[in-house]
Amino acid sequence: MTTASTDADTAETTPEAAMPDAAQHAPREPTPESTPAAGDLAWFTEVAREHSTALVRYFARRGPRQDAEDLAAEVFATAWRRRADVPREAVLPWLYRTAGFTLANHRRKHVDLAVEEVPESGAVRVSEDPELSALFDAELRGALESVGERDRSILLLHAWEGLDGEELAAVLEISRSGADAALSRARKRLREAWGERLSF
C-alpha cells in the first residue's frame, strides 16, 4: 500500500548535499548565543529540578508513558538552547507551550497514513487521540470529542496542569482577559455538549 509519512523532516539528497563544503567542518567560533552567560547553568539546573516532574506528567497524560521522559528532555534541551528567550517570570508556561509543539511533532513522526487518508487539515483524529483515550468516562470523553481541539487543549491545561489566569495566557500567548474568555467559552461548549448527551 502506498503510504505517506507526515514527518516533514525528510530531506532531499542533492549533489551539493553529497559533497559537503569543507568549511562546514571547520571549528566554529563561539557565538553569544552558544556561550553560557554567568548564572545560566545554575538557572537551568533549578528550572529542571523544579519543573521536570510537571513536564513528565504532561507527556504521560497525553501520549505513551514510555516516551514521557524523552519528550520532557527534548523540551529542556530546547529551553537550554533558547535560554535567552525563556521569560524568567513565566518559565513553566513557556515549557508547557514548547511541550505542546514537541508533542505535536512527536505524533506526526509516528503516523503513517495511506495517501487517500491524509487529512486536508491538521485536525486530530479524535478516536486516536491519547488525551481522550486516557479518559475512562465514556460520556465525558464523548463530550470532549465534540468540542474543538483548541477548546479541549485549554480545558485539559486547566484541569490537569492547573493553569488559569496569567499562566494560561502565557501558554496560549494571548492576554489575560483573552485567556479568561477562552477558558469560559471552552467550559460553556463542554457544558452544552454534556447537556446534549444527557438529553438523549
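**Helix H8 and its surroundings**

In this predicted model, helix H8 buries Gly165, Leu168, Ala169, Val171 and Leu172. Viewed down the axis of H8, these buried residues fall within an arc of 160°, so they line one face of the helix. The pattern is a familiar one: an α-helix has 3.6 residues a turn, so residues three or four places apart point the same way. Just past the end of H8, Glu173 adopts a positive phi of about 55°.

It is helpful to look next at the core. The largest nonpolar core comprises 38 residues, and Leu168 of H8 is among those with the most contacts inside it, together with Leu55, Phe59, Leu95, Tyr96 and Ile154. Two or more residues come from each of helices H2 (40-62), H3 (68-81), H4 (91-109), H6 (138-146), H7 (149-159), H8 (165-172) and H9 (176-198). In soluble globular proteins, nonpolar side chains tend to be buried together.

Ile154 offers a good place to zoom in. Leaving aside residues up to four places away in sequence, Ile154 touches Leu168 and Leu172, as well as Ala182, Leu183 and Ala186.

Arg176 gives a second view of the surroundings of H8. This residue belongs to helix H9 and is partly exposed, with a relative accessible area of 40%. With residues up to four places away in sequence again set aside, Arg176 is in contact with Gly165, Glu166 and Ala169. Arg176 and Glu166 sit ten residues apart in sequence, yet their C-alpha atoms are 5.5 Å apart in space. Of the residues that Arg176 touches, Gly165 and Ala169 are also listed among the buried residues of H8.

Key
Residues numbered from 1 in each chain as written. Predicted model: local features only at pLDDT ≥ 70, side-chain atom pairs only at ≥ 80, totals over all residues. Heavy atoms only, no water. Core = buried A, V, L, I, M, F, W, Y, C linked by side-chain atoms within 4.5 Å. Buried < 20%, exposed > 50% of the residue type's maximum accessible area, 1.4 Å probe, protein only. Helix = DSSP H or I, 4+ residues; strand = E, 2+ residues; numbered from the N terminus. Contact = heavy atoms within 4.5 Å. Arc of directions from axis to C-beta.
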